[in-house]
Amino acid sequence: MRTTNTTVTTSTNTTNGSPLAAVRNLGILAHVDAGKTTVTERILYLTGATHKRGEVHDGTTVTDFDPQERDRGITIFAAAVSCDWDGHRINLIDTPGHVDFADEVERSLRVLDGAVAVFDAVAGVEPQSESVWRRADRHGVPRIAFVNKLDRAGADLDAAVASIRDRLGAVPLVVQLPIGREDAFRGVVDLVRLRALVWEDGAEAPTGSEVPDGLRAEALRRRRLLEEAVAELHPDALEEFCAGSGLSEATLTAALRDLTREGGAVVVLCGSAYRNRGVEPLLDAVTAYLPSPLDVPPVRGEHAGAEEERTADPDGPFAGLVFKVTSTATGRLTSLRVYSGTIVKGDTVLDAGTRRTERIARILRVRAGRHTEVDRAVAGDIVAVVGPKSARAGATLCAPARPLVLEPPVTAEPVVSVAVEARSGTDTDRLASALARLAEEDPSLAVRTDPETGQTLLSGMGELHLEVSVERVRREYGLALDAGRPQVAYRETPARGVRGFVHRHVKQDGGAGQFAHVVVDVDVLADAGAAGGADLVFSSEVVGGGVPKEYVRAVEAGCRDALAEGPLGGHPVTGVRVTLTDGAVHAKDSSDLAFRTAGRFALRAALREAGTALLEPVAEVTVTVPADAVGGVLGDLAARRGRVTGQSVRSGSALVTATVPLAELFGYANRLRSRTQGRGTFTSRPDGYAPVPRGVAEGLLGG
C-alpha cells in the first residue's frame, strides 16, 4: 500500500463513532484500463474525502500518486483510503490491474471483507479480470460487480453480464436497467425500488423519478426475471414468491444481501464513472450488500500447535496481520488489518513469527491525500503504524500475553530476472541496501548473487515489474545503474520414472556415525509445470517399521532440499512424485540428519538416472487488433513459438488468444505496435510451465 504525506491531527475514536456493523473493508478489482481508479476517485469525491475529481489522464488522482503511476497511467501499488457514506465508514483499497503486480492484489485480498469488481462494458471479462476473480474465490471474498464505461461506443450491458456468467461461472443478478445507450447513456432504472435515476450534464447528484413510460414494460420484465432468479437461490424468497405474485422490496434486498455475503450470486450494477453516472447507487450497494467485519467468519490462527479463532471484538486480545511495508522519507510505515482487540499509541506488541516485541509509536488512518493520526485502532480497522522495525509483510502482530500466528498471504515465485550493476563501484553497497529495501517492501521481488558470474540478480513477476523496480532505485535512491536483458526462470522435471532406487548413506568419522538406507520410486506428476501444480508430492508405503515415522519426515525434507538444483542445468525441479517404499535403520547411528541427507542424495541420484527435461514459463496472451492486421499478428506469434488457442471478433476488432513462452514476449509490445500502426494491444497472464523444444533447449544449455 503506497502512502502519501502526513497531516497530523488527533482523534480519540478510530471508528468515528461507527459501530463495527457500519464498517466496510473493500477492494476495487479489475483488469487494467477497466476504470477502477476512476471509480475510486469518484467515490472519494462523492463521499467528501476529496474536493476535486482526480483524473488518470491528468495525473491528478489520489490513489495513483507515485510518479511512475502518473507517467504510465496505470496503478502499480495498492493504495488505501478511508471515507464515509450514509453513516458507514469505508476502508477502500485500489488495487493494480496489471498482471505483473498481481502480488499486490493477493496481499490486499487477504485482509479485505468484500470487493467491487469493475468490468469494461465493451470488453466484458478480460484476462486479468478473470485472474483477480479467481484469487477472490480462493479467499472467499464476497463481491458485487460494476459494469463501467456504458457511455462508450459498443457498450453492451447484457453482453458483459453474459461474459461474467460464462467466463467466471458466477450467477449475476442485474439490479439496474440503463437509460440510454452509448453516448446517450444518462441514467439507470433501479429494479429493486423501480425508480429511475438520471444524471443531467453538470449536475452533482442524480434526479429520482418514476420509471419512464418507454422503459416501464422492459423494467417490469427484468424485475420479474430478477425475482425468479433470486427465488431459485434463496429459500425465504422462494417461499414468498410462491405464496404471492412476486417479492417485496424488503425481501428482495435481504435476499440479495444474503446471496452476496454467502457467495451464492453477484449483484451487478452499471454506469460510467468518468461521466459521474452510477457511482452513488454503487456506494449504496456497498453498504447494503457487502459484509461488515462482524459478518465474516472469525479469523483463524495457530498457537502452540493448536488452532485458535479470534472474533472481531474490540475488547478481545489484539491480533493484526501486516500486509504491506513501505519506506518513506519520514520512516517505515507498516500497514495492517486489525482482526481482534485494540491497539493504542505507545503499546508494545509481539511479532509472533520472530518472537520480537515492537512498539507502536504512531497510528495513522489513510484518508485521501493525507494521513490522519489517531490514538487507537480497533478490530475491523485497516491502518498504518509507525514504530515496528522488522515486521515484514505476512507477519502477525499480537498481544504479547496472547500470541497467535495468522496465515500469511501467499507470495508467488518470481519468473523473470535481470542483472543489475551500479555504474560507479563506490555505489555497490548503496545499491545492495536499496535492493534489500525494495525486496522488504515487495515480497514478490527477490535479490540474489549469481554464483558463477558474481552478478546481482533482481527477480520479479514480469518485465514491467522489474522495469518499475529498477526505475524506483534510480529515482528514490539517486543511483545510476545498468540493467541487463531480462531472463526467465527455467525449471526441470523428470523425463521418466525410476522404480526401486536404492541409496545407502553411511558416514563414520570418529564419534557417533551416520546411517540411513532408503528405497524410493520416482515418478513424473501428471500436472508437472501446470499453473498451481506441485513441486513435490511425497508419500510413504513402508510397512513393518523399516523406516520409523519420525525419519519419514526427514526423508521428505531431504527430497525437498534436492529440488533446489536439477542435473540438467542447475534449475529448480518441479512435478516430482516420490514414494518411500523401504529402508533400514541402525540402532545407534540413524538420525534425522542421516535420513534427511539420504533423502537428498537419493533423489539427486535418481534424477540423474532418469534424466530431466527443461521447462519454461509460458503466458496466456490475448491480442486485440484490427481485422486487417490478424494475418501479420498470427505469423509473428508463430515465430515466437506461440500456440494459438482461439480467435473471435468483438466490437469490430479481432481477438486472438495464444499460449506463448514468456522469454519470447520481451519487447512484444513495441513489435505489435509497429505491425498494427499503433492500433494493437495485448494482455498476458502466467499460465504455468511448458516443455522447451529440444532444439531450443540445446541452444540454451550450450549444445
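Q: How are α1 and α9 oriented to each other, roughly parallel or roughly perpendicular?
A: The general idea is to compare the angle between two helix axes with fixed ranges, where 65 to 115 degrees counts as roughly perpendicular. In this predicted model, helix α1 (residues 36-46) packs against α9 at an angle of about 85 degrees, the axes lying 10 Å apart. The two helices are therefore roughly perpendicular to each other.

Q: Which residues of α1 and α9 make the contact?
A: From α1 come Val39, Arg42, Ile43 and Leu46. From α9 come Val279, Glu280, Leu282 and Leu283. By class, the residues of this contact are six nonpolar, no polar and two charged. For the spacing along a helix, an α-helix has 3.6 residues a turn, so residues three or four places apart point the same way.

Q: How are α3 and α4 oriented to each other?
A: Here the range to apply is the one for small angles, since under 35 degrees counts as roughly parallel. Helix α3 (residues 102-110) and helix α4 (residues 127-139) pack at about 30 degrees, with 10 Å between their axes. They are therefore roughly parallel to each other. Their crossing is right-handed.

Q: Which residues of α3 meet which residues of α4?
A: On the α3 side are Ala102, Val105, Glu106, Leu109 and Arg110. On the α4 side are Gln128, Val132, Arg135, Ala136, Arg138 and His139. The residues of this contact comprise five nonpolar, two polar and four charged.

Q: How many residues of α3 are buried?
A: A residue is buried when its relative accessible area is under 20%. Nine of the nine residues of α3 meet that condition, so the helix is largely enclosed by the rest of the structure. The buried residues include the charged Asp103, Glu104 and Arg107.

Q: Which residues touch the most other members of the largest nonpolar core?
A: A core is read through its contacts, starting from its most connected members. The largest one has 49 residues, and Val116, Ile144, Val230 and Leu256 touch the most other members. Helix α9 (residues 279-289) supplies the largest share, six residues. Leaving out residues up to four places away in sequence, Val230 touches Leu173, Ala237, Leu247, Leu252, Ala255, Leu256 and Leu259. A second, separate core has 42 residues, among them Val415, Ala422, Val630 and Phe666.

Q: Is Leu481 buried or exposed?
A: Leu481 is in strand β28 (residues 481-483). Its relative accessibility is 2%, so Leu481 counts as buried. Beyond residues up to four places away in sequence, Leu481 touches Val420, Glu421, Ala422, Arg423, Leu431, Val470, Val473 and Arg474.

Q: What does Ser469 touch?
A: Ser469 is in helix α11 (residues 463-477) and counts as buried at 5% relative accessibility. Apart from residues up to four places away in sequence, Ser469 touches Leu438, Leu445 and Leu458.

Q: Which residue in the loop between β5 and α5 has a positive phi?
A: Most residues other than glycine have a negative phi, so a positive value deserves a second look. Lys149 is not a glycine, yet has a positive phi of about 65 degrees. Lys149 lies in the loop between β5 (143-148) and α5 (157-168), and is partly exposed at 22% relative accessible area.

Q: Where does Leu194 lie?
A: Leu194 is in the loop between β8 (187-190) and β9 (195-198). Its phi is also positive, near 55 degrees. With a relative accessible area of 25%, Leu194 is partly exposed.

How values were computed. Residues are numbered from 1 along each chain as its sequence is written. This is a predicted model: local features need pLDDT of at least 70, side-chain atom pairs count only at pLDDT 80 or more; totals for chains, interfaces and linings use all residues. Side-chain values use heavy atoms; hydrogens and water are left out. Axes are lines fitted to C-alpha atoms, for helices over the stretch in contact, and angles run from 0 to 180 degrees between N-to-C directions. Helices (H or I, at least four residues) and strands (E, at least two) are DSSP runs, numbered from the N terminus. Angles under 35 degrees count as roughly parallel, over 145 as roughly antiparallel, 65 to 115 as roughly perpendicular and the rest as oblique. A crossing is left-handed if the near helix is turned anticlockwise from the far one by less than a right angle, and right-handed if clockwise. Contact means heavy atoms within 4.5 Å. A nonpolar core is a set of buried Ala, Val, Leu, Ile, Met, Phe, Trp, Tyr and Cys residues joined through side-chain atoms within 4.5 Å. Buried means under 20% relative accessible area, exposed over 50%, partly exposed in between (1.4 Å probe, protein chains only).
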